[in-house]
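Please open the structure in your viewer and keep the selection tool at hand. The stops below say what to select next and what is to be found there.

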Number of protein chains: 2
Amino acid sequence: MENNRTNYMPAEWEQHERTLIQWPVRPSLVFPDHYNLVRQGYVEVIKAIAEFEKVTVLVNENTLEETKELCKDKAELLVVPHNDGWCRDSGPTFLWNSAKKLSAVNWKFNAWGERFAHYDLDNEVAPRVLEHFGISYINAQIVIEGGSIHVDGEGTLLTTRECLLNKNRNPQLTIVEIEEEVKRQVGVSKIIWLNHGLFGDETDGHVDNVACFAKPGVIIMQTCSDPGDPNYEITMENMEILKNSIDACGRKLELIQIPQPPARYYEDIRLTLSYLNFYLVNGGIILPVFGEDATDSDNKAEEILKQVFPDRRIVTVDGMALIKEGGNVHCITQQMPKGIR
Amino acid sequence: MENNRTNYMPAEWEQHERTLIQWPVRPSLVFPDHYNLVRQGYVEVIKAIAEFEKVTVLVNENTLEETKELCKDKAELLVVPHNDGWCRDSGPTFLWNSAKKLSAVNWKFNAWGERFAHYDLDNEVAPRVLEHFGISYINAQIVIEGGSIHVDGEGTLLTTRECLLNKNRNPQLTIVEIEEEVKRQVGVSKIIWLNHGLFGDETDGHVDNVACFAKPGVIIMQTCSDPGDPNYEITMENMEILKNSIDACGRKLELIQIPQPPARYYEDIRLTLSYLNFYLVNGGIILPVFGEDATDSDNKAEEILKQVFPDRRIVTVDGMALIKEGGNVHCITQQMPKGIR
């Protein structure tokens, strides 16, 4: 068989055709009273991305008008019914092959281990989008959210045991079966398993709040220097794992650390704030920042990313708006790579 | 990327887990008055296959009882609504990888170029079956029927221009796009294009009535020696093409000829009779024969296949029963390879 027919998930830093975003759904917010603030957060992100690439916003019929009003000419709107607003998790995972012919994976979606009762529409988001764009896709027989996996595009995938092996996702599959299925569907040969995601992350520890690839062989982590913070131990353990890992190409990993923002609470809930929830767009980075007592760490994060990605322009957005919905920039976005449809 | 993640369609001669068959649907028959005869034909085929491997019959709710009655313990029944009886065409195309992990392609199905008005249920047969068996599958964005493609399992696919390039299938795609998409979905690197299928074949010339692989590098054709028969020119042309073709592995092709049965008509329609519509099962061959004035060619066909497949036991079935529905053994069957689910 020819090798070049293999489909695999390209890294986020590859050129995008567009970004997909699901418009937020008021009752599904972690803090529903903050719907207006969350919408403002979405609009800020959409405008920021639109400086770099096309944005397609998936809307429910009943929010079509408000979205039109708020996004104006910054986004193309597409009616795709959904229960909740996280295109990273309920959207498609795009693949391409060596000729950059696009395909995709439609994972099964169960609302982060059935944390919410209604996810039938979200489970249909990926196929509806893919049929719209005429992209062939695999219906994988495994529950996975896009936010739980990062790839380097050269055969390595980064994830957490806390999420991928959680019994609320695929209780019928063994660890080996999950590993094999994920490798097969996104075309990787090596999985690097971190143990846990951020403390209190209601996704069961999505990797996209703790670490990501900057390029093949280089990983950015969010670190915690306060031994009294529950994220300290989590981070130390993950760092130890990464220091001892090699990737699919046999490389040892270089680690870049970004200090976490100060702990912040809302209604007694520790917010899962992470600079790692930034999103790479064509020539840019959309970086959530948290202001107030986080200004120093905000600046530090931006500075580090500027060094890591000297060719990208960083646009910061208010991460405190989106967090009222429950996540941040990376969680609400999904890249469609620029390939052949 | 690792080569061994590539999914491809195995040849029909690989071990099967089971055979899938869709129970016939009376109003969809080419000759609906012959429903009883067609059912008898199905039962004969099901019993013949059951001597070699498991059979799963897909039934509509309203034929569940009659199917139970007629198939008894020879088949497992599965309620999967369908408009018509051709599992080769509306069923899944199974793939596996080097580890024999199963996956599948769900082609778009449009009832042979919208020859019939209702095909919504048939278009859902493949996904329903695959969800039932828990096999991940690609939703291809191209109209293809299983009967229009044969593969050798080593990178080569055999088809006809008459069908695959027909404007009633994928008018929006160029020839190059169709070729690339077929290659990509079934994991082949070379397509051998015959021009036409049998004269009068209402599928627009499905290859499974004109030629098939016996093994990699060896092709069996049905030939016609009467220059006054419209199949003469068709066959001569296809033979010329095959003589000048090389496969994905660079082999020239060896050709084995099976003479066609005498021309036969029913209600002024030339029946598309073909020995090439046989079906390979585990250790056996289910061969349609046509009796009466075809007895000599029936015997000849059986004799040739015995030489080509010395390790397989041939069971002949009454090809004149199924042809009243419009096709034959290969058209009503679909193999699920024996792999890892």
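Begin by selecting residues 137-143 in both chains, where strand β6 of chain A and β6(B) pair in the antiparallel sense over 3 bridges; strands here (E, at least two residues), like helices (H or I, at least four), are DSSP runs numbered from the N terminus, and two strands count as paired if DSSP finds at least two bridges between them. Within this pair, look for A:Ile138, whose bridge partner in β6(B) is B:Ile138.

Before going further, note that this is a predicted model, in which local features need pLDDT of at least 70 and side-chain atom pairs count only at pLDDT 80 or more, while totals for chains, interfaces and linings use all residues. Residues are numbered from 1 along each chain as its sequence is written, and chains are lettered from A and ligands numbered from 1 in the order in which they are written.

Next, extend the selection outward to the open sheet of 6 strands, whose order is β4(A)-β5(A)-β6(A)-β6(B)-β5(B)-β4(B), with mixed pairing. Its edge strands are β4 (93-96) of chain A and β4 (93-96) of chain B, each of which pairs on one side only. From one strand to the next the twist averages 30°, where axes are lines fitted to C-alpha atoms, for helices over the stretch in contact, and angles run from 0 to 180 degrees between N-to-C directions. In chain B, β4(B) and strand β5 (residues 102-108) are antiparallel and share 4 bridges, and B:Phe94 stands opposite B:Ala104 in β5(B). Now add helix α5 (residues 122-133) of chain A, which packs on the sheet and touches β5 (102-108) and β6 of chain A, its direction making about 165° with that of β5(A). Helix α5 (residues 122-133) of chain B likewise packs on the sheet, touching β5 and β6 of chain B, at about 165° to the direction of β5(B).

How many residues does the contact take from chain B and from chain A? It takes 20 residues from chain B and 20 residues from chain A, two residues being in contact if their C-beta atoms, placed from the backbone, lie within 7 Å. On the side of chain B that touches chain A, β6 (137-143) and α7 (175-186) of chain B each supply at least two residues, and β6(B) gives the most, with 5 residues.

To see how the copies are related, superpose the chains: a turn of 180° and a shift of 0.0 Å along the axis lay chain B on chain A with an RMSD of 0.0 Å, the fit being by least squares on the C-alpha atoms of residues with pLDDT of at least 70 in both. That is the relation of a two-fold axis. Select B:Ile138 once more, since its C-alpha is the one in chain B nearest the axis, 1.8 Å from it.

Finally, turn to chain B alone and select the open sheet of 4 strands in the order β3-β2-β1-β18, with mixed pairing. Here β3 (76-79) and β18 (333-337) of chain B stand at the edges with a single partner strand each, so one side of each has no neighbour in the sheet. Strand β1 (residues 16-22) and strand β2 (residues 54-59) of chain B run parallel and are joined by 5 bridges, with B:Arg18 opposite B:Lys54 in β2(B). Helix α1 (residues 35-50) of chain B packs on this sheet, touching β1 and β2 of chain B, and its direction makes about 150° with that of β2(B).
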